[in-house]
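Got the viewer open? Let's walk through this one stop at a time, selecting as we go.

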Amino acid sequence: MRAAAFTVMGPLLDERFRNRFVLTDSIDRMAGLYNLRTGEVAALLAYRDSTAAAGGRGAGSIRERLRGEFAGLSAAVDRVLEACPEHVYDDVVAQIILPGWQKERTILLGDASGAVSLLAGQGASLATAGAALLGDFLGPVASAEGISPALAGFEERWKPVVEDAQAAGRRAASSFLPRNKAQRLLRRWVIRASRVPGIDRALARRIVGSR
Ligand SMILES: Cc1cc2nc3c(=O)[nH]c(=O)nc-3n(C[C@H](O)[C@H](O)[C@H](O)COP(=O)(O)OP(=O)(O)OC[C@H]3O[C@@H](n4cnc5c(N)ncnc54)[C@H](O)[C@@H]3O)c2cc1C
């Protein structure tokens, strides 16, 4: 999958979109649109790169590619893509999985050690909470010799939490971007079921991980 994100100026979306995050119910591509307080419209576009199987993404600009991938999805998406800036964020949806994060007195943190990808929807929270926890481990250290064991203690405590979120992100992949009508139908049922008390909590645990 790839994901692109950008904001455009102007009242491109009508009142139906105000204070809402609207997602398309589509196969192999998904557009999410929402109004910002500034009057801008934010767009998050996720898609399976149709040119990847052919061995490359061609010579066109990112904007042209996005217009090609998303053309005709809805009138609102077409309007936002019409105003899409030339340079936008566009990258593969990927996770970072490393056997270990630490080497002597150096450690990797946040996305560098364990990016969960936007499918997990909690990369910023994990990066911030991980940094705070690292501070707790390093705070009491009084000598240079204490740094390496403190880093090892942090990794031992925090890596399972990140790995749990990564597994949840991988599980979310097919419902985030259904491949066919059957997966799309399943997603509709899951969204409906999320209104039922009890099922909502079980679903939340499955989406964000159990830790
Ligand atoms: C499209 C998209 C949507 C997302 N949505 C969400 C979401 O809804 N919720 C959520 O929690 N997370 C989300 N994430 C994930 C979240 O953005 C990341 O997990 C989070 O930003 C990771 O924080 P970080 O501090 O580890 O890395 P970063 O935020 O990437 O910070 C690293 C910083 O280091 C700087 N840097 C890089 N190299 C150097 C260098 N050599 N010298 C100096 N500085 C350097 C970079 O410029 C950057 O500022 C999303 C990610 C994407 C791509």
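Here is the tour, from the whole chain to the ligand.

You are looking at a predicted model, where local features need pLDDT of at least 70, side-chain atom pairs count only at pLDDT 80 or more, and totals for chains, interfaces and linings use all residues. Residue numbers start from 1 along each chain as its sequence is written.

**Whole chain.** Colour by secondary structure and you should find seven helices and seven strands. These are DSSP runs numbered from the N terminus: helices are H or I with at least four residues, strands are E with at least two. Reading from the N terminus, the elements go β-β-β-β-α-α-β-β-β-α-α-α-α-α. Along the principal axes, the C-alpha atoms fill a box of roughly 60 × 45 × 40 Å.

**The sheet.** Now pick out the five strands that form an open, antiparallel sheet in the order 2-3-4-1-5. Two strands count as paired if DSSP finds at least two bridges between them. Strand 2 (21-23) and strand 5 (89-92) are the edges; each has a single partner strand, so one side of each has no neighbour in the sheet. From one strand to the next, the twist averages 15°, with axes being lines fitted to C-alpha atoms (for helices, over the stretch in contact) and angles running from 0 to 180 degrees between N-to-C directions.

Zoom in on strand 1 and strand 4 (residues 41-47), which share seven bridges in the antiparallel sense. Here T7 sits opposite A42 in strand 4. Next, add helix 2 (residues 75-82): this helix packs on the sheet, touching strand 1, strand 3 (29-35) and strand 4, and its direction makes about 75° with that of strand 3. Contact means C-beta atoms, placed from the backbone, within 7 Å.

**The core.** Select A31, A43, L45, A46 and V80, the residues with the most contacts inside the largest nonpolar core, which has 33 residues. Such a core is a set of buried Ala, Val, Leu, Ile, Met, Phe, Trp, Tyr and Cys residues joined through C-beta atoms within 7 Å, and buried means 20 or more other C-beta atoms within 10 Å of a residue's own. Helix 5 gives the most to this core, seven residues.

**The ligand.** Which residues are closest to the ligand? Show G110, D111, G123, A124 and A127, the closest of the 13 that surround the ligand (C-beta atom, placed from the backbone, within 6 Å). Helix 4 supplies the largest share of this shell, four residues. Strand 1 (2-8), helix 3 (110-114) and helix 4 (123-138) each supply at least two.

Conventions. Contact = placed C-beta atoms within 7 Å. Buried ≥ 20, exposed ≤ 12 C-beta atoms within 10 Å, placed from the backbone.
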